[in-house]
Amino acid sequence: MKRFRDFILLLLTTIIAGSCTDDVETYKFGKVFTSSDSKVGYLDTLTVNVSTIMLDSFVTSGYNKVVLGYNNDPFLGKTQVETYIPIGLNTSIPTLTEEAVFDSLVLVLKQDGTYSGDTNTLKEISIYRVTESIERGDDESYFYNVDSFAKEANPIATIKFKPRPLSQKSLYIHMPDSLGIKLFNWIVEGNDTIDYSDLFLEYFKGFVLIPITTDQNWSSSFYGLNSGEITEGSDDFNEVELRLYYKKPDAEANSYISFVPTSKDYIFTHYSSDRNGTVIETMQSGSFIMPSGQTNNQVFIQSGSGLAVKIEIPLLERIHEISSNITILDARLVVKPHKGTYPLASKLPNDISVYWTDKKNRMIGALTDVAGESNITGVLTANDEFDEPPYYSFYVLDYVLDKTSTEQQTDDALMLVFSGTSMATSLTQLILDDQSLSKNSFMLQLYYMTY
Amino acid sequence: MVNNCIVNAQTNTNSPYSKLGLGDFESMGFGRNAGMGGCGIALRNEFGLNSLNPASLTALDSQVVIMELGVHADYTQLQTANQKGALWDGNFSYLALGFALNNRWFMSFGVAPYTNVGYNIQITTPISGSIYEYNTAMEGSGGLSSLYFSGAYKISKLSSIGLNTSLLFGPKNETQTYSLTSDDNFYVTQKVSNKYAGFKFDLGYQQTIPLAAKSNLVLGATVNAPGYLHQRQTIFVTKTDNDGSYVDTLRDEDEILKKVHFPINFGCGIAYNYKEKLTITMDYSLYRWSEITIEDQYSEYINNHSYNLGTEYRLKIKPINKQFDCRAGFTYQSGYLLVNKQKLQSLGVTTGLGFQIRDVKYNLYAEYNWRGFTNNNMIREDFVRVGLNISLLDLWFQKRKFH
C-alpha cells in the first residue's frame, strides 16, 4: 500500500511539473495548408445602375450666408444662385439733432472664404429692392431653394469687385443717396416708420443680390459672404449691414447706424437653372429618374438645384447563387468624375454624402457604417501630380449586407448628394461616369467569404 | 509560468502536421520500448510492461505488481524555406498497472495518449483579382487518449496469446480566423470541435524458440481489428467587426454525427536474446491508413510501413553491484500522410538507459526524430524527446496469497 501511495504522489508531481509548455507561439508559416479553393473571394463585376434625379425643394435659409454664383457648362446648362436679405429695424436708433449731417448709405458684406472658380477676374453684382414681403403665408420661417419674391425692375446699385475670399475682404456697396437721405430724415424727425418695425418692413422689404452674368467672368464660380461667427463660439456674427453714415456736430469722424437682417435665419439662397440644350433638359423633381443611358452614360450631382445620383445594384439579391453559405466582409463603391470636368483634382468637392432613398426618391436616412455610428461620406483620392485619375471611395457594407440578407427585400436604393450645407450654400457640380463609360467608375468592390 | 501550465496542459505537441487527420500518432510504447527504437512486438520483460504486444504480459513475474508511469519533455524545431521556430513542451506519457492473476492469466490496464494535436499557424493568401490578401490563423488542440484493458493467456511455457481492448476518446478542436489585410472590415471565426469515442481491439501472439546456451529467439505478431470511432462535431461560425462590437452568427450546428472506420493493421517482430546480456530486435508494422474514412482537405491518409530496430546490452558493473541496460534503436516510417503529393516520412534514432534503485526501475530515453522537408511549401520538423518511464514493483499480491 505504501508503494501505491508513493505512486500516486509521484504521479501528481509529474503531472503538475510536466504539464508546462511555452506560450504557444504562432508559426507565421504553413503554406502547406493553403487549400486550393480560397475561402476569401473578390468580385468587382456586378452591374451598378445609376440615374440622375432631382430632389424636391429643400431649405436654404438658416445658414446666415449670402451666396452668389453662376455655372454654365454643356452638361448642366446655366445655373445661378442669388440671395435674399430681409433688412429690419435696429432697435437702438440714437436720437439725432438737426445739426447731424447725412454722409452716405452703404451695404457692407464680408467675403467668408468659401468660393470656387477663378478669382482673377472682376465680378459684377447687382442689388435690387424686393417689393414683396419676404415671408411665407403659412407662418413657416423656412425658405426654400425654389422660393423667389418680386423685385423692382431696375437695381438700386451695382458693384464690380475682385474676389479676395481668402483674405476675407469686405465689400462696401453704395446705396443711392435719395434712399439714405430719406432714412436719415426720418430718424431726425422721429418718424413712425423708424419707430415701429412692422411699418419699417412695410416700407423696406429687403434686398436681393444677383450676379451679373452677361460676360464670361462668372463662369463656374461662387462666393460666400457673411456666414458664421467672427470667433468660434462667440455671439458676434459677420453680418450683412446697411450702414447709415452721418457726421455728428463737432465730431471728427463719421458715425453710423446699422440696419441688419430681421433675423439671420431669414437670409436664403435661391437657385434657378436653364437646362435647354442639355441631356437633362427634361429633368423633373420627385420620383422622375433619368438613367445614365439617356444622359450620355454620365450622371450628375449639383448643389442648389438638387441634382443627385441614384444607385441600384439588382444582382446583390442573388449573391447566394455563388454559395448558400456566403458572407460579405468588405464592400467599397469606387466612383470617378469625368475627365476634363474639373480644373484640379485636389479641388474636387470633398463632402459627398450617401443616403438611403425610397422609390419616390425621398431621403430615408443617412447610410452609416455597420455599427450605425458614423455616416458614410466619399473619400477622395486625388493627386494633381500624377496622371492617375481621381476617384471617390464609399464604404457601402451596410447597404450590401442589407441587400444580401435573407430578409424581405425593399425597393430602397442609395443616393449620392452633397452635404446639406453644400447643397444650400454653394454652387458645386460633379459629372460622374457610369460603368460603361469608364471601367472603374461605379465599381463595387466586394470581398466575400464562403464558410 | 504556473498559469501557462494549467491553461496549456491540453496541448502536448507543437506540430503543424498534427492538424491533419486525427493528429500525430504516439507509438513508442512503454518502459524500454522508447529507448529501443519503438520495438516491442517480440520483446518480453519480467519487470516491465510492454504495450506493443498484449501477449508479452505473460512474461511478468507472477508475484509482482507493476505500476508504471512515464513523463517526457519535447523540443520541436520547425523550419520552412525561409523561417524557423522552436518550442518546448512537456507532459506525462502514460500510466499503467500490470500483474499476474495466476500462472496462466495475466492482466494490465492503464491510460496512454493515442494521438496528439497542438498547433498555431498563420498563413497569408492573395485574393485573386485584388491587391489585398487575407490572413488565416488556425489554432488547434486536443488529441485522443486510450484507456486500455489487456488480458494475456500463457498457452504453454513457450507461447502466449493476448487481447487488448482500448477505449479511444478525446477531442480535436480548431479555431480558424479569416481576415482581410485591408483596414476596417470584418473577420470570420470558425470553431470546429470534434469529440471522438470508439473501441479498438488488438490481438497479439508470441512464440519463444529456445536456442543453445540460455539464448532464445522470440517471434511476435499483432493484428488490430477494425473498429469505429464515433465522431460528434460542432461548427460555430461568426462574423465580427474590428472593434468586436458587432457580432453576427453565421452558422451554429452541433450534433453532426459521423463515423470513422478503422482499418486492420498488422505487425510482426523478431528478437534475439543472447544469454541475458544482449537483445537485438526488429519490428515491421503495416498500418493500412488508406482505408480510414476521415476527410481532410489538406492531406490524404496512406498506408504506413514502419520499420523498427532496437538493441539492448546489459552492462554489469561489479564493484558497485549495479546493472545498466544500455539501449539504442532506430525507426523509419514511410509516412501515414500524403501532403502536397509528398509522403510525410520520418526517421528517428533513440537511445536509452535502464537501471534499478531498490524497487523502482528507471528507464531513461532520448529520441531524435526528423519529419518532412522544406521544399514544396512543406514544414520540416526536428524533434527531440527526453523521457523517463518508471516502473514501481510491488509485492502486493504476495501478501494476499499468504492469507
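## A walk through chains A and B

Start by selecting Ile328(A): straight across from it, in strand 24 of chain A, stands Tyr448(A). You are looking at a predicted model, with an ipTM of 0.72 and a pTM of 0.79.

**Stop 1: the sheet around your first pair**

Now widen the selection to residues 326-335 and 443-450 of chain A. These are strand 17 and strand 24, running antiparallel and joined by eight bridges. They belong to an open sheet of five strands in chain A, and if you walk across it the order is 1-24-17-21-20, with antiparallel pairing. Which strands stand at the edges of this sheet? Pick out residues 40-43 and 379-381: strand 1 and strand 20 of chain A each have a single partner strand, so one side of each has no neighbour in the sheet. Turn the view a little and look for the twist, which averages 25 degrees from one strand to the next.

Next, add residues 397-404 of chain A. This is helix 5, which packs on the sheet and touches strand 17, strand 21 (391-395) and strand 24 of chain A. Compare directions while you are there: helix 5 makes about 130 degrees with strand 17 of chain A.

**Stop 2: zoom out to all of chain A**

Show the whole of chain A as a cartoon. Its secondary structure comes to six helices and 24 strands. Of its 451 residues, 39% count as buried. Take the contacts in chain A between residues at least 6 apart in sequence, and 80% of them join residues at least 24 apart.

Now give chain A two colours, following the domain assignment. Domain 1 is 41-56 + 285-450, and domain 2 is 66-272. Their C-alpha centres lie 39 Å apart. Where they touch, domain 1 of chain A brings 12 residues to the contact and domain 2 of chain A brings 14. Which elements give two or more residues to the domain 1 side? Select strand 15 (298-302), helix 6 (420-425) and strand 23 (429-433) of chain A. Colour that side of domain 1 by residue class and you get four nonpolar residues, eight polar ones and no charged ones.

**Stop 3: strand 15 of chain A**

Stay with strand 15 of chain A and show its side chains. Is this strand enclosed or open to the outside? Five of its five residues are buried, so strand 15 of chain A is largely enclosed by the rest of the structure. Look along the strand: Gln298(A), Phe300(A) and Gln302(A) point one way, while Val299(A) and Ile301(A) point the other way.

Its partner here is strand 23 of chain A, which runs antiparallel to strand 15 and is joined to it by five bridges. For one facing pair, select Gln302(A) and Gln429(A), which stand opposite each other.

**Stop 4: over to chain B**

Switch to chain B and colour by confidence. The average pLDDT is 86, and 94% of the residues score at least 70. Where in chain B is confidence lowest, and where is it highest? The low is helix 1 (residues 2-8), at a mean of 33, and the high is strand 7 (residues 145-154), at 95. Over residues 1-10 of chain B the pLDDT is below 50, and this stretch has 10 contacts in the model beyond near neighbours in sequence.

For a three-strand open sheet in chain B, follow the order 15-18-19, with antiparallel pairing. Strand 15 (299-301) and strand 19 (342-343) of chain B are the edge strands. Three bridges join strand 15 of chain B to strand 18 (residues 337-339), and Glu300(B) stands opposite Leu338(B).

**Stop 5: two buried residues in chain B**

Select Gly220(B), in strand 10 (residues 216-225) of chain B. This glycine is buried, with 28 other C-beta atoms within 10 Å. Leaving aside neighbours within four places in sequence, its contacts include Ile41(B), Asn53(B), Tyr205(B) and Cys268(B). Try a distance too: from Gly220(B) to Thr208(B), 12 residues apart in sequence, is 8.7 Å between C-alpha atoms.

Finish at Leu144(B), in the loop between strand 6 (133-142) and strand 7 of chain B. Leu144(B) counts as buried as well, with 24 C-beta neighbours inside 10 Å. Beyond neighbours within four places in sequence, Leu144(B) is in contact with residues including Leu22(B), Tyr114(B), Phe169(B) and Tyr196(B). For a last distance, its C-alpha atom is separated by 17 Å from that of Gly90(B), 54 residues apart along the chain.

Technical notes
Residues numbered from 1 in each chain as written. Chains lettered and ligands numbered in written order. Domains from an automatic or database assignment. Contact = placed C-beta atoms within 7 Å. Helix = DSSP H or I, 4+ residues; strand = E, 2+ residues; numbered from the N terminus. Nonpolar A, V, L, I, M, F, W, Y, C, P; charged D, E, K, R; others polar. pLDDT = per-residue confidence, 0-100. Pairing = 2+ DSSP bridges. Axes fitted to C-alpha atoms, helices over the stretch in contact; angles between N-to-C directions. Buried ≥ 20, exposed ≤ 12 C-beta atoms within 10 Å, placed from the backbone.
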